[in-house]
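Here are my notes on the model you sent over. Have it open while you read, since I go point by point.

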Amino acid sequence: MEINVVNALTYEDFVKLFCNVVEKCPLIPAAIWSYRPFKDLADIEAHIREFIHSLPDSGKEGVLRCHPDLAGRDTQSGTLTRESQEEQSQAGMTTLDSAESLQMYRLNTEYKERFGFPFVICARLNSKADIVCQLSERLKNDRATERERAIEEVTKICSLRLRNIVLSDIQTKL
Ligand SMILES: NC(=O)N[C@H]1NC(=O)NC1=O
């Protein structure tokens with residue numbers, strides 16, 4: 001898909017196409033639509049990153065809270081978004097054995113109790129072992145450091161989702 005095709009989209013089609021590039025946050029594509037015309041994909045990404053970074057801490061934490069737990073309730077009940085389902089499945093989060101599920105449950109719970117938002121990591125860029133290791137490591141951070149660290153992961157997830165959409169056929173997504 002050429003950038004001029006993206007730039008020609010109506011507001012409604014743009015939001016429909018990019019609604020889940022940041023998990024369950026359609027407000028973000030709605031907000032950055034006003035910056036058209038975009039130079040390229042990197043320009044769209046930069047506007048999204050800037051928008052998220054400009055949010056107050058409570059807004060950043062709100063964005064994090066829109067993410068489902070890895071290997072959590074939605075993963076088990078099949079109620080993840082399509083994007084999250086693909087990502088979690090690629091990282092092996094949908095096929096954990098019972099000991100691994102229990103370990104993820106305990107770590108996710110400890111993390112949420114400590115920070116007040118769920119643990120977020122770009123599942124496509126990490127193996128099952130990396131995820132467990134990062135979850136244990138990042139539990140040692142303070143809240144402000146961890147908020148920024150988690151937001152960095154949101155931008156990585158977003159970047160891969162954007163690429164997935166733009167590099168595939170636009171017609172199938174609308
Ligand atoms: N909690 C969390 O990291 N969720 C996610 N990560 C990812 O790559 N997709 C998600 O939904």
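1. Let's start with H5 and H10. The axes of helix H5 (residues 57-65) and helix H10 (residues 143-166) come within 10 Å of each other and cross at roughly 50 degrees. That angle makes H5 oblique to H10, and the crossing is left-handed. Bear in mind throughout that this is a predicted model.

2. Who does the touching there? On the H5 side the contact uses Asp57, Lys60, Glu61, Val63 and Leu64, while H10 supplies Arg147, Ala150, Ile151 and Val154. Sorted by class, the H5 contact with H10 has five nonpolar and four charged residues, with no polar ones.

3. H10 also meets helix H4 (residues 41-54): their axes come within 10 Å and cross at roughly 150 degrees. Because the cut-off for roughly antiparallel is over 145 degrees, H4 counts as roughly antiparallel to H10. This crossing is right-handed.

4. For the H4 contact, look at Leu41, Ile44, Glu45, Ile48, Arg49 and Ile52 on H4, set against Ile151, Val154, Thr155, Cys158, Ser159, Leu162 and Val166 on H10. The residues of this contact divide into nine nonpolar, two polar and two charged.

5. Now the ligand. It is surrounded by 15 residues, and the closest are His67, Ser84, Glu87, Val120 and Ala123. The shell around the ligand has nine nonpolar, two polar and four charged residues.

6. Last, the domains. The assignment splits the protein chain into domain 1 (3-61 + 164-172) and domain 2 (69-146). Taken over C-alpha atoms, the centres of domain 1 and domain 2 are separated by 25 Å.

Key
Residues numbered from 1 in each chain as written. Predicted model: local features only at pLDDT ≥ 70, side-chain atom pairs only at ≥ 80, totals over all residues. Axes fitted to C-alpha atoms, helices over the stretch in contact; angles between N-to-C directions. Helix = DSSP H or I, 4+ residues; strand = E, 2+ residues; numbered from the N terminus. Parallel < 35°, antiparallel > 145°, perpendicular 65-115°, else oblique. Left-handed = near helix turned anticlockwise from the far one by under 90°. Contact = placed C-beta atoms within 7 Å. Nonpolar A, V, L, I, M, F, W, Y, C, P; charged D, E, K, R; others polar. Near = placed C-beta within 6 Å. Domains from an automatic or database assignment.
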